[in-house]
There are 2 protein chains.
Amino acid sequence: MTKGPLKSRHHHGDLKPALIKAGIDLLEEGGINALSLRKCAARAGVSHAAPAHHFDGLAGLKQAIAEEGFHLFSSYLQGACDSGPQDPKGRLRSLCRGYLQFGLDHPGILAVIFGDQGLAGLVHGGGKEKADAYLTLRAVAAPFVAPGQDRLVVETQIWSLIHGFTLLYLAGEFGSPPPPIDEGPFAQVIALLDALHPASAP
Amino acid sequence: MTKGPLKSRHHHGDLKPALIKAGIDLLEEGGINALSLRKCAARAGVSHAAPAHHFDGLAGLKQAIAEEGFHLFSSYLQGACDSGPQDPKGRLRSLCRGYLQFGLDHPGILAVIFGDQGLAGLVHGGGKEKADAYLTLRAVAAPFVAPGQDRLVVETQIWSLIHGFTLLYLAGEFGSPPPPIDEGPFAQVIALLDALHPASAP
DNA sequence: GGCCACAACTTGACGGCGTCAAGATCTCCG
DNA sequence: CGGAGATCTTGACGCCGTCAAGTTGTGGCC
């Protein structure tokens, strides 16, 4: 049997993804501090030292979770800017809303993605998972890049604003627990991006 | 002797501030993960359980450090916007530069200030330390608040942008280790705030 | 001035954590 | 069928936060 009855296998078989899944569950249930190698192992039904054979310590597990989390993050961003008005400004606002919504729905995953080993690791390490999300941002930002302007500037303006706003939102700056998006200052704050003008319609 | 030769006191006397200072040192030397109650106690020359009599666990120590760190943070912001051009836009840009500079100089303290127990705690708890820094922001933002507009919106726009930008900067998004401010995209990104206009000069 | 109550700190222990070394077990392939 | 190698277990170590109980110095009260 290579994958027999999925039961009583002494060599679990799909341990790595199972550990990542367990880690994500822990993250969603108890936040970033509830994530530990030993608890992931326990949830996956293996011994406490088993994860060491699949990840380079806790940092490695967090990075693997971050890569997985980026998929979900990307789907939030893409889904958001595919819904709503399809003009450049409409897509930009929807992207930002999707960013904040992801933070509200999955604060633990956001913390891992942008945590010590998350973002820093992805910036340097492969980062192809991050690229998906960043390409969505790039596509949405493109109409606002003036001819001859560095697109990195516009992308960073958007990213900085929505990232900072999301973190302040999650920290309870506008109410604790954070209010629904439409009851917070989201629209008014993001309106700062109205200063950006589509290059084709100045 | 009430405060005799400062030596061999079995009842340390100034343990609480000494622990906070030790914690800040640890933070500056090894980042947020290097901070522990036991190491603070060792640095202060007391037993491992002594901190428990002065702080409510590790979270309490972090909050105390955050309050202390906010003083330094405030001085960075105030000092920055007091130097440089004194027109509204000049002060705004200087404030942002001071924010980023603080992050570059003291990333560990920034992490504690805006960490789990830091910002969240200060938002709800007293928060008078935070208020100093926020009042600086408020004063700098004031000229850009249009009549009838909610000043919270303008303040949040500024705070979100510089906060998000600083975190991306520290994460190595523009080079690792982060480049000096003038070699990064700081000026161009912060130029988004040029969309704000002093109410007296529309 | 002497004693006592109280605050400050120590000692010791507990469980949880990440990590390493060594051993057991299963699978696959020759 | 048998061995090689990957996979997982067991056990141990040191560090961590936290609690309970004991010790020591201090200031106030009689």
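**Exercise 1. Place B:Thr136 in the predicted model and list the residues that B:Thr136 touches beyond four places in sequence.**

Solution.
- Start with the contacts, meaning heavy atoms within 4.5 Å. B:Thr136 touches B:Leu77, B:Gln78, B:Cys81 and B:Leu95, with residues up to four places away left out.
- Next, the element. B:Thr136 lies in helix 7 of chain B. Helices (H or I, at least four residues) and strands (E, at least two) are DSSP runs, numbered from the N terminus.
- Then the burial class. Buried means under 20% relative accessible area, exposed over 50%, partly exposed in between (1.4 Å probe, protein chains only). B:Thr136 has 6% relative accessibility, so B:Thr136 counts as buried.

Ground rules for every exercise: this is a predicted model, where local features need pLDDT of at least 70, side-chain atom pairs count only at pLDDT 80 or more, and totals for chains, interfaces and linings use all residues. Residues are numbered from 1 along each chain as its sequence is written, chains are lettered from A and ligands numbered from 1 in the order in which they are written, and side-chain values use heavy atoms, with hydrogens and water left out.

**Exercise 2. Summarise the fold of chain A.**

Solution.
- Count elements. Chain A has nine helices and zero strands.
- Read the order. From the N terminus on, the elements run α-α-α-α-α-α-α-α-α.
- Take the burial total. Of the 202 residues in chain A, 47% are buried.
- Take the contact range. Among contacts in chain A with a separation of 6 or more, 67% are between residues 24 or more positions apart.

**Exercise 3. Check the length of helix 7 of chain A against its expected span, and list its buried residues.**

Solution.
- Set the expectation. The expected span is 1.5 Å times one less than the number of residues.
- Compare. Helix 7 (residues 128–141) of chain A has 14 residues and should span 20 Å; its end C-alpha atoms are 19 Å apart, which agrees.
- List the buried set: A:Glu129, A:Lys130, A:Ala133, A:Tyr134, A:Thr136, A:Leu137, A:Val140 and A:Ala141.
- Recall the helix geometry. An α-helix has 3.6 residues a turn, so residues three or four places apart point the same way.

**Exercise 4. Find what the buried residues of helix 4 of chain B pack against.**

Solution.
- Check the length. Helix 4 of chain B has 18 residues and reaches 26 Å from its first C-alpha to its last, close to the 26 Å expected.
- Pick the buried residues. They are B:Gly90, B:Leu92, B:Ser94, B:Leu95, B:Cys96, B:Gly98, B:Tyr99, B:Leu100, B:Phe102 and B:Gly103.
- Name the partners. These buried residues pack against helix 3 (57–82), helix 5 (107–113), helix 7 (128–141), helix 8 and helix 9 (186–190) of chain B.

**Exercise 5. Characterise B:Lys89 and its surroundings.**

Solution.
- Locate. B:Lys89 is found in helix 4 (residues 88–105) of chain B.
- Classify. The relative accessible area of B:Lys89 is 28%, so B:Lys89 is partly exposed.
- List contacts. Beyond four places in sequence, B:Lys89 touches B:Phe144, B:Asp194, B:Leu196, B:His197 and B:Pro198.
- Go to B:Leu193. Its C-alpha atom is 8.7 Å from that of B:Lys89, with the two positions 104 residues apart along the chain.
- Follow B:Leu193 outward. Its contacts beyond four places in sequence are A:Leu192, B:Leu92, B:Cys96, B:Ile158 and B:Leu161.

**Exercise 6. Describe how helix 8 of chain A meets helix 8 of chain B.**

Solution.
- Fit axes. Axes are lines fitted to C-alpha atoms, for helices over the stretch in contact, and angles run from 0 to 180 degrees between N-to-C directions. The axes of the two helices (residues 151–170 in each chain) come within 6 Å and cross at roughly 105 degrees.
- Classify the angle. Under 35 degrees counts as roughly parallel, over 145 as roughly antiparallel, 65 to 115 as roughly perpendicular and the rest as oblique. The two helices are therefore roughly perpendicular.
- Name residues. The contact includes A:Trp159, A:Gly164, B:Trp159 and B:Gly164.
- Zoom in on B:Gly164. At 0% relative accessibility, B:Gly164 is buried. B:Gly164 touches A:Ser160, A:His163 and A:Gly164, leaving out residues up to four places away in sequence.

**Exercise 7. Locate the cis peptide bonds that precede A:Pro177 and B:Pro177.**

Solution.
- Chain A: a cis bond joins A:Ser176 and A:Pro177, with omega about 0 degrees. A:Pro177 is in the loop between helix 8 and helix 9 of chain A.
- Chain B: a cis bond joins B:Ser176 and B:Pro177, with omega about 0 degrees. B:Pro177 sits in the loop between helix 8 and helix 9 of chain B.
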